[in-house]
Structures are given as C-alpha cells and as structure tokens.
Amino acid sequence: MGKESGWGSAVTVGTVPVELGAMGFTSVGIAASSIAAKMTSTAAIANGGGVAAGSLVATLQSVGECSGQDDQSQEMIQAG
C-alpha cells in the first residue's frame, strides 16, 4: 500500500455527485437532453425497452438520486 492520507480519495468521492449532476443524473431524475438521457436511451434500446437493474446507468442514477446536489446540478444544467 502506498502513502495515502485519505484526503485525495475524500475529495474525489465528494466530487462524484457534482459530476454526475453535471452529466444529468440528478436526485429529481434524468435531465432532458443530457449525457445521462442519451445513456439511458441507449441502455433501454439495448435492453428491449428498459434499463436493467444493476447496470451502469441504473447505478449512476442511484448515486445521483442520493447526491443532495439538486440546486447545484440544476444550475449547471440550466447554464449548459
């Protein structure tokens, strides 16, 4: 194991919800015309009409729902 203070991983984990919100995975759902919407559409088409539980898209949406970053995510979406 290398020398790790824990700060790098804490900062990285803390930024994940913000990044997911910017992609369109928000706690209020998938943002229209976002990268998340395109990923969801592609996954649903590949799976015969629905997003499979446990898939990457489903997991990212779950993390986005728990982020608590609604206000910041919506601001990024509106600004983009």
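A polar contact here is a pair of N or O atoms within 3.5 Å, where, within protein, one must be able to donate a hydrogen and the other to accept it. Keep that cut-off in mind for the stop at Thr26, and remember throughout that this is a predicted model.

Begin by selecting Thr26, which sits in strand β1, spanning residues 25-26. Its relative accessible area is 1%, and because buried means under 20%, Thr26 counts as buried. Now add Gly29 to the selection and show its backbone: the side chain of Thr26 reaches the backbone oxygen of Gly29 at 2.6 Å.

Next, select Met23, which belongs to helix α1, covering residues 7-23. With a relative accessibility of 25%, Met23 is classed as partly exposed. Once neighbours within four places in sequence are set aside, the residues in contact with Met23 are Ser34, Ile35, Ala36 and Met39. If you then display C-alpha atoms, you will find those of Met23 and Leu60 separated by 10.0 Å, although the two residues are 37 apart along the chain.

Met39 and Leu60 also lead to the last stop, since both appear in the contact between α2 and α3. Select helix α2 (residues 35-46) together with helix α3 (residues 56-65), which pack at an angle of about 140 degrees with their axes 9 Å apart; the crossing of the two is left-handed. Showing side chains at this point brings up Met39, Thr40 and Ala43 from α2, which meet Leu56, Val57 and Leu60 from α3. Coloured by class, the contact of α2 with α3 comprises 5 nonpolar residues, 1 polar residue and no charged ones.

Key: Residues are numbered from 1 along each chain as its sequence is written. This is a predicted model: local features need pLDDT of at least 70, side-chain atom pairs count only at pLDDT 80 or more; totals for chains, interfaces and linings use all residues. Side-chain values use heavy atoms; hydrogens and water are left out. Helices (H or I, at least four residues) and strands (E, at least two) are DSSP runs, numbered from the N terminus. Buried means under 20% relative accessible area, exposed over 50%, partly exposed in between (1.4 Å probe, protein chains only). Axes are lines fitted to C-alpha atoms, for helices over the stretch in contact, and angles run from 0 to 180 degrees between N-to-C directions. A crossing is left-handed if the near helix is turned anticlockwise from the far one by less than a right angle, and right-handed if clockwise. Contact means heavy atoms within 4.5 Å. Ala, Val, Leu, Ile, Met, Phe, Trp, Tyr, Cys and Pro count as nonpolar, Asp, Glu, Lys and Arg as charged, and the others, Gly among them, as polar.
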